[in-house]
Amino acid sequence: MTFRKKGTKNPPLLSQEFILQNHADLVACVGMFFVLGLMFEGTAEVSIVFITLQHGVTFPAEEAEERATAPKFLYHYGAKDLATVFFYMLVAIIIHATIQEYVLDRINRRMQFPKPKQTKFNESGQFSVFFLVSCIWGTFILHSENCLSDLAVLWRAHPNNMMTFQMKFFYISQLAYWFHAFPELYFQRIKPQDLSQQVVYVGLHLFHIAGAYLLYLNHLGLLLLMMHYFVEFLSHFCDLFYFSDEKYQKEFSLWAIVFISGRLVTLIVSVITVGFHLAGGQNGNSDGTTEDVNVLAAKIAVLSSSCTIQAYITWNLFNVQLQRWMEEDAPLQAPSVKKKRTKGRFSRKGTENGVATSNRVDSPHMRKEKSS
């Protein structure tokens, strides 16, 4: 299966244009090496590190019977997770190119968007799909691990700092997706003036997802991600309608209320969870040797990070909204300015460029009509 666009000339082999047009094919070939490595005994052990989840621990049968609700096989994190993240980053690039080629590009050709709108439409389309899938997947995990029915799971100490398979695979997939966004900045030919903003946006997501993963704040991080992703999904989904027809801007402006509400709920959940996290844990693990956030410095860092990111996102909302209001007011102000200039020109030149001039221009046509 090829992702090369039809109707384009074949660039020189291994040139920059060749890599940009065929990056999905090249990445798919790299990923196939790891998959084919499973077929041979000498390379199977290396390929498994990239494809399957690592650092798993099997609980004894008698211990698993005592804790009937706990799975028999749990995971913690380690250095081998970097290899797994790399492989699924390749998968994310392939999926990104598939959505772009078979969905977004076809809509762009049909709607005939100008070049600036195409870039924004593609960005909103990609993020809408990702945020929607992540919300559905994350909500299913929260429900299956009883986080929605028992909120105390968010701050309760987890035994042995372990994760279930679905929880770890979710975080690995999230890290892989946001890491794939860096090469996509090159593949999508992002303008230099927009590069810094995109890098900050991706970097903030990576920082907070990796922090929740490394501190074993899995359930708290997942809940906050779901609230954040839902608001972001509404934002990009509304942008898709706005790009198709600007009359939808006012009808979908109510999403800003949901945006602010999501930020406030996120702050409240963060404060409550960190405040009650590992309740009573200061009695035992106050030395900070265990891998949790039951340390005052870690709690302050988590709260400060959460408050900072919410303030940054809200500030960006105000900037984007003000920019759109200015763009909407610009066409309304342009005709009035033009009219004033025309009136001033007539008043300065009097009858020469006013009524007398128009009569002088029209007089030959009137003469022809009279003569006819």
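The following exchange discusses the predicted model of a protein chain.

Biologist: How many helices and strands does the secondary structure of the protein chain come to?

Modeller: The chain has 372 residues, of which 40% count as buried. Among contacts with a separation of 6 or more, 73% are between residues 24 or more positions apart. The secondary structure comes to 13 helices and two strands.

Biologist: How far apart are the end C-alpha atoms of helix 2, and what span should its residues give?

Modeller: Helix 2 covers residues 23-36, which is 14 residues. At 1.5 Å a residue, these should span 20 Å. The end C-alpha atoms agree with this, being apart by 20 Å.

Biologist: Which helices do the buried residues of helix 2 pack against?

Modeller: The buried residues in helix 2 are His23, Ala24, Asp25, Val27, Gly31 and Phe34. Their packing partners are helix 1 (16-21), helix 3, helix 5 and helix 7 (165-187).

Biologist: How far apart are the end C-alpha atoms of helix 5?

Modeller: Helix 5 runs over residues 81-111 and has 31 residues. At 1.5 Å a residue, the expected span is 45 Å. The end C-alpha atoms agree with that expectation, at a distance of 42 Å.

Biologist: On which residue is the kink in helix 5 centred?

Modeller: The helix in question comprises residues 81-111. Its kink amounts to about 40° and is centred on Gln100.

Biologist: At what angle do the axes of helix 3 and helix 5 cross, and how is that arrangement described?

Modeller: Two packed helices are described by the angle and the distance between their axes. For helix 3 (residues 41-51) and helix 5, the axes come within 6 Å and cross at roughly 75°. Because angles of 65 to 115 degrees count as roughly perpendicular, helix 3 is, relative to helix 5, roughly perpendicular.

Biologist: How many nonpolar, polar and charged residues does the contact of helix 3 with helix 5 have?

Modeller: Helix 3 contributes Val49, Phe50 and Ile51, which meet Ala83, Thr84, Phe86, Phe87 and Tyr88 in helix 5. By class, the contact has seven nonpolar, one polar and no charged residues.

Biologist: Is Asp81 buried or exposed?

Modeller: Asp81 is found in helix 5. Leaving out residues up to four places away in sequence, Asp81 touches Gln54, His55, His76, Lys168, Ile172 and Tyr213. Its relative accessible area is 5%, and since under 20% means buried, Asp81 is buried.

Biologist: What is the phi of His55, and where is the residue placed?

Modeller: Most residues other than glycine have a negative phi. His55 is in the loop between helix 3 and strand 1 and counts as partly exposed, at 22% relative accessibility. The phi of His55 is positive, near 60°.

Biologist: Is Gln112 buried or exposed?

Modeller: Gln112 comes just after helix 5 and takes a positive phi of about 55°. The residue lies in the loop between helix 5 and helix 6 (115-144). Its relative accessible area is 65%, and because over 50% means exposed, Gln112 is exposed.

Biologist: Which residues does Thr58 touch, not counting residues up to four places away in sequence?

Modeller: Thr58 is found in strand 1 (residues 56-58) and is exposed, with a relative accessible area of 54%. In sequence, Thr58 and Phe73 are 15 residues apart, while their C-alpha atoms are 4.6 Å apart in space. With residues up to four places away not counted, Thr58 touches Lys72 and Phe73.

Biologist: How far apart in space are Thr314 and Phe259, C-alpha to C-alpha?

Modeller: Thr314 is found in helix 12 (residues 296-349) and counts as buried at 16% relative accessibility. Not counting residues up to four places away in sequence, Thr314 touches Phe259, Ile260 and Arg263. Thr314 and Phe259 are 55 residues apart in sequence, and their C-alpha distance is 8.3 Å.

Biologist: With which residues is Val199 in contact, leaving aside neighbours within four places in sequence?

Modeller: Val199 lies in helix 8 (residues 192-214) and is partly exposed, with a relative accessible area of 35%. Val199 and Ala181 are 18 residues apart in sequence and 8.7 Å apart in space, C-alpha to C-alpha. With neighbours within four places left aside, the contacts of Val199 are Phe182 and Leu185.

Note on methods. Residues numbered from 1 in each chain as written. Predicted model: local features only at pLDDT ≥ 70, side-chain atom pairs only at ≥ 80, totals over all residues. Heavy atoms only, no water. Helix = DSSP H or I, 4+ residues; strand = E, 2+ residues; numbered from the N terminus. Expected span 1.5 Å × (residues − 1). Bend = angle between axes of the 7 residues up to and from the residue. Axes fitted to C-alpha atoms, helices over the stretch in contact; angles between N-to-C directions. Parallel < 35°, antiparallel > 145°, perpendicular 65-115°, else oblique. Contact = heavy atoms within 4.5 Å. Nonpolar A, V, L, I, M, F, W, Y, C, P; charged D, E, K, R; others polar. Buried < 20%, exposed > 50% of the residue type's maximum accessible area, 1.4 Å probe, protein only.
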